[in-house]
Amino acid sequence: MTNSSLKQDALGVFQKAINYKFKNINLLQNALTHKSYASEHTQNSNERLEFLGDSVLSACVAGYLYNAYPHNEEGKLSKLKAQVVSSQNLFLWAESLNLEAVIRLGKAESRSASRLKEAIICDAFEAVIGAIFLDGGYDSATRFIISLLETQSDFENQDHKSALQEVLQKHYKTLPVYKLVKEHGPDHEKKFEVGVYLKNRLLGSGSGFSKKEAQIVAAKEALNNLKSTKMGE
């Protein structure tokens, strides 16, 4: 799918996932076209739409947080916003929409290391926001973003990896180490199990359909375990 023209049924499934039907389907096609595919097929890439979508996302999230946290000062709001628009969070949102299944990649890029995929997927996610903005206006883009924001009930406690890093640096002068324990399942639905360690001590473990998701779950468990022992050894 990623190396060929997107079929209408695939686009239809994706539009249902994002709960938005495009009037101009070419905008969505463009949003899902990585520069590696564009260069091979003499087409426009999604980079301009990514630029636009990034700005729309930033404005929408800022407005949402401003209203959701009326007692927070600018510094706290900025930290929350950075967390929400982080590549880590956008990647999780994109995964929930199965965005990777409809991105068009060039032949060389599709064989590249998996570490590059997060950036590609996040860029495409922002490009989709830009496409929705052009197709349906700011209100449509806002509804799409807010629908994802509302799946996260407590932003102040979502950034578990950063919180764990801060705790370990403060109390132990070291950083957490994440190790892949096991992976299982077919390639299209592979599940990962990850442990997070303080030196050789297992602090927590977690599983997910990406290493990043598993790390977040492991970090959350580690924080809970540390709180229960009041940071004791």
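## Walking through the predicted fold

Among contacts between residues at least 6 apart in sequence, 57% join residues at least 24 apart in this protein. The model is predicted, so keep that in mind as we go.

Me: What order do the elements of the protein run in from the N terminus?
Reply: The tally is eleven helices and three strands. The strands sit together in the order, with one helix after them. Read from the N terminus, that gives α-α-α-α-α-α-α-α-α-α-β-β-β-α.

Me: How much of the protein's accessible surface belongs to carbon and sulfur atoms?
Reply: Start with burial: of the 233 residues, 41% count as buried. The accessible surface comes to about 13,000 Å². Of that surface, the carbon and sulfur share is 50%.

Me: Which element gives the largest share of the largest nonpolar core?
Reply: This core has 44 residues, and those touching the most other members are Ile-18, Leu-99, Phe-125, Val-128, Phe-144 and Ile-145. Elements giving two or more residues to it include α1 (8-18), α4 (47-68) and α8 (117-136). The largest share is ten residues, and it comes from α8.

Me: Which residues is Val-128 in contact with, leaving aside neighbours within four places in sequence?
Reply: Val-128 is one of the core residues that touch the most other members. Its contacts beyond those close neighbours include Phe-14 and Ile-18, and Ile-18 is also on that list of core residues. The full set is Phe-14, Ile-18, Leu-28, Ala-31, Leu-32 and Leu-99.

Me: Are α4 and α8 roughly parallel or roughly perpendicular?
Reply: Their axes are 6 Å apart, and the packing angle is about 80°. Angles of 65 to 115 degrees count as roughly perpendicular. So α4 is, relative to α8, roughly perpendicular.

Me: Which residues of α4 make the contact with α8?
Reply: On the α8 side, the contact residues include Asp-123, Ala-127, Gly-130 and Phe-133. Facing them from α4 are Leu-49, Glu-50, Leu-52, Gly-53, Asp-54, Val-56 and Leu-57.

Me: Is Asn-89 buried or exposed?
Reply: Asn-89 is in helix α6 (residues 87-96). Buried means under 20% relative accessible area. Asn-89 has 8% relative accessibility, so it counts as buried.

Me: Which residue's backbone oxygen does the side chain of Asn-89 reach?
Reply: Not counting residues up to four places away in sequence, Asn-89 touches Gln-83, Val-84 and Gln-152. At 2.8 Å, its side chain reaches the backbone oxygen of one of these, Val-84.

Me: What separates the C-alpha atoms of Leu-164 and Leu-223?
Reply: Leu-164 is in helix α10, and at 0% relative accessibility it counts as buried. Leu-164 touches Leu-223, along with others including Tyr-178, Val-196 and Leu-226. The two leucines are 59 residues apart along the chain, yet their C-alpha atoms are separated by 6.1 Å.

Me: Is Lys-173 buried or exposed?
Reply: Lys-173 is in the loop between α10 (160-172) and β1 (177-184). It has a positive phi of about 55° although it isn't a glycine. Exposed means over 50% relative accessible area. With a relative accessible area of 69%, Lys-173 is exposed.

Me: Where is Asn-98?
Reply: Asn-98 isn't a glycine, but it has a positive phi of about 55°. Its place is in the loop between α6 and α7 (107-110).

How values were computed: Residues numbered from 1 in each chain as written. Predicted model: local features only at pLDDT ≥ 70, side-chain atom pairs only at ≥ 80, totals over all residues. Heavy atoms only, no water. Helix = DSSP H or I, 4+ residues; strand = E, 2+ residues; numbered from the N terminus. Buried < 20%, exposed > 50% of the residue type's maximum accessible area, 1.4 Å probe, protein only. Polar contact = N/O pair within 3.5 Å; in protein donor to acceptor, adjacent residues only side chain to side chain. Contact = heavy atoms within 4.5 Å. Areas by Shrake-Rupley, 256 points an atom, 1.4 Å probe, with all protein chains shown as cover. Core = buried A, V, L, I, M, F, W, Y, C linked by side-chain atoms within 4.5 Å. Axes fitted to C-alpha atoms, helices over the stretch in contact; angles between N-to-C directions. Parallel < 35°, antiparallel > 145°, perpendicular 65-115°, else oblique.
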